[in-house]
Each structure stands twice: as structure tokens, then as C-alpha cells.
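Okay, thanks for making time, everyone. I'd like to walk you through one model, going from single residues up to the contacts between domains and chains. Have a look at it first.

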Amino acid sequence: MTARERGAAIDIKGATKRYGNFTALDDVSLHIEPGEFMTLLGPSGSGKTTTLNVVAGFTDLTSGDLAVGGKSIVALPAHKRNIGVVFQHYALFPHMTVGKNVAYPLTLRGMDKPARDRQVARALDMVKMADFAHRYPAELSGGQQQRVALARAIVFDPPLLLMDEPLGALDKKLREWLQLEIKRIHRELGTTFVYVTHDQEEALVLSDRIAVFNQGRIEQVGTGRQLYDEPTTLFVAKFIGESTSLRGDAQTSGNETSLTIAGQKIVAGGKLAGGQKPVVLLRPEKLSLASAKTPLTAGQNSLTGEVSEAIYLGSGSKYQVTLRDGSVAIVRSSLEAAPFSIGDTVDLRWSVVDAKLLADDNRADMTMT
Amino acid sequence: MRLAPFRILLGLFCLLVAVWLVMPTLVIIPMSFNEKKSLAFPPSGFSWQWYANFFTNPDWLSSFFNSLRVAGLVAVAATLIGTLASLGLSRMKHAGAGLLRAILITPMIVPGVVLAIGIYAVYLDYQLVGTTTGFVIAHTMLAIPFVIIAVSASLEVFDVRLETAAASLGADRFTTFRTVTLPLIAPGILSGLLFAFVTSFDEIIVALFITSPYLKTLPVQIFTSITRDADPTVTAVGTIIFIATTLIISAGLIISSKSTRS
């Protein structure tokens, strides 16, 4: 059996959850490959945790279907689903030792003691907590408790492991180390992982693919690179990584859209379906700064602005440029580029091909505040 | 240092209050070893005769065992009902829970005499006066609030999310209760049980109303004995009960303080 075969595929189809007038999940569909590391990413209240609770069986769907390994499990209660869950608050049983906690799911499954002891030792080994089997949870640090909780959730070899912001209560350094540990364990187990977080960096570090949630819907599913390079909505573009968005009076000609911003005209490839207001999205490393004298090369756009912040980062510099219409652009430049200081008047330049034309949606701005 | 005289005064005052609170109980102990058949204080001489009388006189012994039997049954019944009620109340989400809790606690607040009259009136109709059933029902009612308070305190610090975790690991609701909830609220249940036992064991007001010559509890026997003749056996009984209840209640307090700390 190869590692990947141990994970189960998950199919969420048209999942909807309503609480009275409030729609927590709005027709969500998602396919997760066997053994995949899928992260559900989004701001709080976006439906990512609801989705996890639905898969775990803690929350019933109003409508829709849910299948693990090809079989619908909508009708199964949580305790019959055989899915591992790791909670943000650890949820270790305080009256049991670490060993007893990890053995708990095996005892429930009627496993005899020698086999149980072997499995527990293996799971504790995997999370590097083998020396703590006789301690009580209260005697452990947060990071240690979460590792025990992880061991308890994988000890019964579930085909699917759900993790609900498992590192949310830990400090940054510990979090970064545990991220790598989780990645390693995922590789070794081959189990399908579904991971909930609101931290985009964590999502990029861990995931094979990321599903970006917003207001009870999935905005986009893809690899970290796809989401960063090819966002399909402004919300995704703003949630993943830094970006500059430009708005202005739009005109479409052929397969090109041009925007007029404070008297200056820029162009972007593509056009939007009728009636949608366009936004031009630019990643900081695609932008460069130049003094107004420098001639423009073909296929480049240029906007005039003033440097309002200049930060030296060691590996390069980061600038904030206030444009004439008042919007702020974020620029990252390499060390070789000529330095600028606060107050300098500069031209903000980029290649037309590097600009991304997206539909403006006020949803994106709402959640960024 | 300037406050020293004030501090000494405060200490003396506290000591006085402490003596005042404990003295009536402690007076009983030397009196129980009195040589003469009198309740005079200070006692004269030393003898174990009143203890001997308690353990040989059938009136005293039977009332003692009546009390043990009633209190034992009450402890079990009140703990069962009170624990279930606490669990239900802790899971109720709407506003009715507060009102329901208040109603369940009322037997502790309503004056004993008022309850006793009501119970007596009802018992006359149903021939429950002077029966073990009658005693157990009345005392259980009085003991339930103590169980609810003790168990609710335990549930207050119990993390319900542990039950969700148990479900995810494969435990059905009953198994979850047995392996996770019950062990974690056990200290509260145990201290509720002890308080329920003691509540019944030393209850006198209701007992005086519903007693009969055929079924007397120990407090009733003490009361009738001391009003009929000044039998110093009551001081020996008092000492025994004092020591026993002190032990039980301290055990209860220790257990419940342990549970809220963890």
C-alpha cells in the first residue's frame, strides 16, 4: 500500500447550512483528492470552520451531500465517521495521562492491549512525544498538548484528518516549527488532511491546494501559486499576498481595457463581461520605480506618484507610492534598483502583461477592514 | 508597625467570634463524660456510661439505624435526581433554565416549618406519616438543592468541547458520558452525595411532624429524650454525630475544592 492510497477522497456537493435567516454555507462544492493537503482559508465567519464541522459530523447540513471515499456520510453521526479531528483548544482529556488519551480511540474500537500499546507508541513517536506517555495534559505546554492531540487523532489510522486552526493558540516561532512537523507527518501518513486557517502564510506553507472562503462561499480553489498569480476574484487577490489595485474610468477597445487615473491612461489585457467595473491588480514585485526622465519601453504602463514610505528590508526595499488619485501602491524592488527617498516624485511602471484585470467587488473591501 | 495595637484588637475580636461559634458544640464533649445523671456544666467525674447506654439501649440504637437507612436512601435518590437535573440545566440554552434552577433550589430557602406543615398535611391523606418512604421523599426534596449546587459547580468548569472530541474519536453519547463527563464531574457528585446524606441525617423539623412511635430518626429521639428527662445520653450521641458529620463535611469540601481547582 503506497502512502497516498491510505487517504480518502472527499466530495462536498452543494453544501448549504442556514441558521434562521443567516446562511453560513451557501451551496459549497469541493472535491479533495486522496492524500491531498487541502487548506480552507478565509476570514472569520467565512464558512471554513462550518465546512470542517459538517465533514466531522458536528454540524448537520440544511441541504447538500458529503461523501468520503465515495460513500455518502451525511446520515452518519460523528462517532461513526472514523475521521480524526484536531481542535484549536487541544481538547485533551484532563483526567487521563497522555498515553491513555492516545489509547482512547483504540480502546473504543476494542483493540487488545499489546496492539494498542504498539499503536500508541508509534503515534507518540511520530509526534516526538514518546517520553511523555505518563504525564497528564496539565503538565505539558501548549505545543506539547497539541502534538499529543495530533497523535490521538491519527492513532486509529483515519483516512481523513481535520484540523481546525490547530496552531492558533501558539506563539509564532512554535507555530512555524509545528507547521513543518505537520507537513512531515502528512507526508509520512499519506492521509487526506483538511486544514482550517485564517493565516494565508500558513496556508501557503502547508497546502497542496487552498480553497479560499468568503461569506459562506468558495471564491477560488487552487495551488498557492495559482491563487497568487492567477486570482479570479479581487477578494482572493487581496487575501493572498500584497497587492495594489487601481481604479479609474474604463474604456474597452478590442481585447484591451484602458483606465484613466487622474488624467493618466493605462492599459490592461482582456475585458470584463458587460456592466462590471474593472480593477487593475498588480503584485509588488511586478512594479518598478523610475524617475520621470527615464524613457518608457514598449508594452509598459506608467503612473506618476510620490514616495510616501521607503523601507529597507535587507534583501531589497519596499516602497509605498501615493498616486495622484490618492490610492497607494506597494512596490518591492531588488537591491540593484536605484534607491528613492520619501517625497521623491516617481513613475510607477509595469509591463502590461503583468497586470491582472479583475471585476471590482465591494465584498473584497468589506473584509479587509 | 503603627497599626500593631489595632491588629491585636482585631485578632482578639476574631478569636471571640470564633469561640462564640464553636463553644456550644464543644461544651457537649466534656458533658458526655459526666459521671452524674445531669446536664449540669461543668460536669463532674469521668465515665463512659452514656456512650455505653447509647450502644445498648434499643430506643437509641433503632433510631440511629433508622436515620442511617433514611439518609442512605436519600443520598442515593437525591444524588441521582440532582445530578440529572444539573446536567439538563447546564445544557438548556433558553432563559427558562434560570427559572427552573431557582424552583429546584427553593426547598433550601423556604422555612423548614412551612415545608413541614405542607408535607404533614399531604402525608396524613396518603398514610405516609411514620413510614420510611415518607421520610425518604421529604428528605430527598430537602437534599436535592445541595446536590444541584455541588454538581452545577463541577459542570461549570467542565469543558463541553471534550464531549465533541470524544465523539470524533468514536465514542457514542453514553460512552462519552461514562468515560469523559462522569469522571470529570465525579468530585461534584460525591460532595453532593455527602451533603445529601448529612442533610437527611440531622434533619429535625420535618422529621418531628412526620414521625411516629414506630419510626423515629435519631434527631427526633434526641429531642424527645431531652424534653422528657434530662438524659445525658444525648451529649454522647451529640458528640458522635458531631465528629462523624465534621469528618463527612470536611471530606466533601476537600473533594469539591479539588475539583474546582483542576
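So, a warm-up: does A:Asn82 count as buried, partly exposed or exposed? It counts as partly exposed, because its relative accessibility is 30% and the partly exposed class runs from 20% to 50%. Before I go on, keep in mind that this is a predicted model.

Why did I pick that residue? A:Asn82 isn't a glycine, and yet its phi is positive, about 60°. If you want to find A:Asn82 on screen, go to the loop that runs between β5 (71-72) and β6 (84-86) of chain A.

There's another case of this kind at A:Gln215. Again we have a residue that is not a glycine with a positive phi, here about 50°. A:Gln215 is in the loop between β9 (209-214) and β10 (217-222) of chain A. And its exposure? A:Gln215 is classed as partly exposed, since its relative accessibility comes out at 37%.

Right, zooming out to the domains. Chain A splits into domain 1, covering 3-238, and domain 2, covering 244-368. Between the C-alpha centres of those two domains of chain A there are 39 Å. How many residues are in contact across that boundary? On the domain 1 side of chain A it's 15 residues, and they meet 18 residues of domain 2 of chain A.

For the area people: the two domains of chain A bury about 1,400 Å² between them, and 54% of that is on carbon and sulfur atoms. On the domain 1 side, the residues that lose the most area to domain 2 of chain A are A:Tyr228, A:Leu234 and A:Lys238, which together make up 47% of what that side buries.

Now the polar side of it. The rule finds one salt bridge across this interface between domain 1 and domain 2 of chain A. In a salt bridge, the side chain of A:Lys356 meets that of A:Glu230, at 3.4 Å from N to O. As for polar contacts, the count is four residue pairs between the two domains of chain A, with both residues at pLDDT 80 or more.

Which elements give two or more residues to the domain 1 side here? Those are α7 (224-229) and α8 (234-239) of chain A. α8(A) gives the most to that side, with four residues. By residue type, the domain 1 side that touches domain 2 of chain A divides into seven nonpolar, four polar and four charged.

Last stop: the contact between the chains. Chain A and chain B bury about 1,500 Å² between them, with carbon and sulfur atoms giving 73% of it. 19 residues of chain A and 18 residues of chain B take part in the contact. In chain A, A:His79, A:His95 and A:Tyr104 lose the most area to chain B, together 34% of what that side buries.

And salt bridges, how many between chain A and chain B? Zero. There are three residue pairs in polar contact between chain A and chain B, again with both residues at pLDDT 80 or more. Helix α2 (residues 98-108) of chain A gives the most to the side that touches chain B, with three residues. That side of chain A divides into 14 nonpolar, three polar and two charged residues.

That's my tour. Over to you for discussion.

Conventions:
Residues numbered from 1 in each chain as written. Chains lettered and ligands numbered in written order. Predicted model: local features only at pLDDT ≥ 70, side-chain atom pairs only at ≥ 80, totals over all residues. Heavy atoms only, no water. Domains from an automatic or database assignment. Contact = heavy atoms within 4.5 Å. Buried area = accessible area lost by both parts, 1.4 Å probe. Salt bridge = Lys/Arg side-chain N within 4 Å of Asp/Glu carboxyl O. Polar contact = N/O pair within 3.5 Å; in protein donor to acceptor, adjacent residues only side chain to side chain. Nonpolar A, V, L, I, M, F, W, Y, C, P; charged D, E, K, R; others polar. Buried < 20%, exposed > 50% of the residue type's maximum accessible area, 1.4 Å probe, protein only.
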